[in-house]
Amino acid sequence: MYRLTVRALPALALCLATAFAPAHAAEPVFHNPLVQQRADPQVSLQPDGWYYYTATVPEYDRIEIRRARSLDDLGAAPAKTVWRKHATGVMGAHIWAPEMHRIDGKWYIYFTAGSAEHPWEIRLYALENASADPFAGEWVERGQVKTGWESFSLDATTFEHRGQRYLLWTQTAPDGSKGTNIYLAKMDTPLSIKGPAVLLTKPEYAWEKVKFAVDEGPAVLVSHGRVFVTFSASATDANYCLGMVSAPADADLLDAKSWTKLPEPVFRSSEKNGQWGPGHNAFTTTPDGKTDVLVYHARNYREIQGDSLHDPNRHTRAQVIRWRADGMPDFGEPVADAPR
């Protein structure tokens, strides 16, 4: 017979504590790609428990939305077309980078479009839906979102911080210089800005100027006492990558000196994992809100035939963000495909 001794008690206690300790939740693993042939993804987890998703379609001719209870289910979720490009005039070409946001009880979709006759006269536009359900009600055109000067502009996003709503977008400089920059301004309504825009970042480093001088596709993550803005840089092929600027959460965000830019990309192609040109991302969380998630597009091959903008295979992907001891996000590298 085994006799329990005093000396054995600590060991027994350790065994029991281990056996009955709560298990740590496993880090989520996503079955990438989540959605095939959808670039520039934007997704938000709403209080109703749904992930709402929209992205650029490869035909550049319409805006679709979909929703699912998990990120992994977005690819199987039915897509609803809520708007199509015009046959003539403005909003008639290059329908890019839609983002859907819930603001003051209404839904808004911000998107990029050229005109049918002049496809590269790219500007920012918005749709509005007063229904509580964006799959119901009517999406109404609200026209161009004016930025303060007229030039090539795209990739609008919006966020609220410390009671103030802001617009972030991409545009060529007012002086007409080449390259696209990222700008920030306060919003006085969901359709308009007030006051001057501040320049957050412009192409400066070699990795931002491969083939084209491009900073575009801003996305916002507020965490660990800072406001982080990621952006995509260079041509939309294997050179596409993410850079980042950040500011203290309590800083004046419209003071350019509040922002610090990292000199190297934070997310770039991974030959090891077979992922090329990761970029134009969004941020969300797991359903419990405890784990930050990076959603982005990438291709699973490097070589592209012809113009990369005409290649349809930028697929939506997701992976967990880890946080370093200094409060900076660690995006790692794009994970390998893991289909169901």
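**Exercise 1. Is F267 buried or exposed, and what is its relative accessible area?**

Solution. Keep in mind that the model is predicted.

- Step 1: F267 has a relative accessible area of 1%.
- Step 2: The cut-off for buried is under 20%, so a residue with such a value belongs to that class. F267 is therefore buried.

**Exercise 2. Describe the ring pair that F267 forms with Y296.**

Solution.

- Step 1: Begin with the distance: the ring centres of F267 and Y296 are 4.9 Å apart.
- Step 2: Now take the angle. The two planes meet at 80°, and planes over 60 degrees apart count as edge-to-face. The pair of F267 and Y296 is therefore edge-to-face.
- Step 3: Place both partners on the chain. F267 lies in the loop between β16 and β17 (276-285), while Y296 is in strand β18 (residues 292-299). They are 29 residues apart, and the pair links distant parts of the chain.
- Step 4: Look at the accessibility of the partner: Y296 has 0% relative accessibility and counts as buried.

**Exercise 3. Work out the geometry of the pair W96 and W120, and find where each residue sits.**

Solution.

- Step 1: The model has 16 aromatic pairs by the rule used here. One of them joins W96 and W120, with 5.9 Å centre to centre and 65° between the planes, an edge-to-face arrangement.
- Step 2: W96 belongs to strand β5 (residues 93-103), and W120 to the loop between β6 (106-114) and β7 (123-129). These two residues are 24 apart along the chain.
- Step 3: W96 is buried, at a relative accessible area of 9%.
- Step 4: For other aromatic contacts, look at Y52, W107 and F135, which form one cluster. Then find W50: the charged end of R67 sits over its ring, 5.2 Å from the centre.

**Exercise 4. Which strands stand at the edges of the open sheet that holds β13 to β16?**

Solution.

- Step 1: Write down the order of the 4 strands: β13-β14-β15-β16, with antiparallel pairing.
- Step 2: β13 (215-223) and β16 (260-261) each have a single partner strand, so one side of each is left without a neighbour in the sheet. These two are the edge strands.
- Step 3: Zoom in on a pairing inside the sheet. Strand β14 (residues 226-233) is joined to strand β15 (residues 241-248) by 8 bridges. In this pairing, T230 stands opposite M244 in β15.

**Exercise 5. How are β11 and β12 connected?**

Solution.

- Step 1: Follow the chain: a hairpin of 2 residues leads from β11 to β12.
- Step 2: Check the pairing. Strand β11 (residues 180-189) and strand β12 (residues 192-201) run antiparallel, with 6 bridges between them.
- Step 3: Pick out one partnership: K186 has K194 in β12 as its bridge partner.

**Exercise 6. Find the residues that line the largest cavity, and sort them by class.**

Solution.

- Step 1: The count comes to 1 cavity of 30 Å³ or more. The volume of the largest cavity is about 40 Å³.
- Step 2: Its lining consists of R38, Y53, T54, A55, E64, I65, R66 and A79. The elements that give two or more residues to this lining are β2 (51-56) and β3 (62-68).
- Step 3: Sorted by class, the lining has 4 nonpolar, 1 polar and 3 charged residues.

Note on methods:
Residues numbered from 1 in each chain as written. Predicted model: local features only at pLDDT ≥ 70, side-chain atom pairs only at ≥ 80, totals over all residues. Heavy atoms only, no water. 1 Å grid on protein atoms, 1.4 Å probe; cavity = no way out; pocket = protein on both sides within 12 Å on 5 of 7 lines; lining within 4 Å. Points joined across faces, edges and corners; volume = space filled by probe spheres on them. Nonpolar A, V, L, I, M, F, W, Y, C, P; charged D, E, K, R; others polar. Pairing = 2+ DSSP bridges. Phe/Tyr/Trp six-rings, centres within 6.5 Å; stacked < 30°, edge-to-face > 60°. Buried < 20%, exposed > 50% of the residue type's maximum accessible area, 1.4 Å probe, protein only. Lys NZ or Arg CZ within 6 Å of the ring centre and 35° of its normal.
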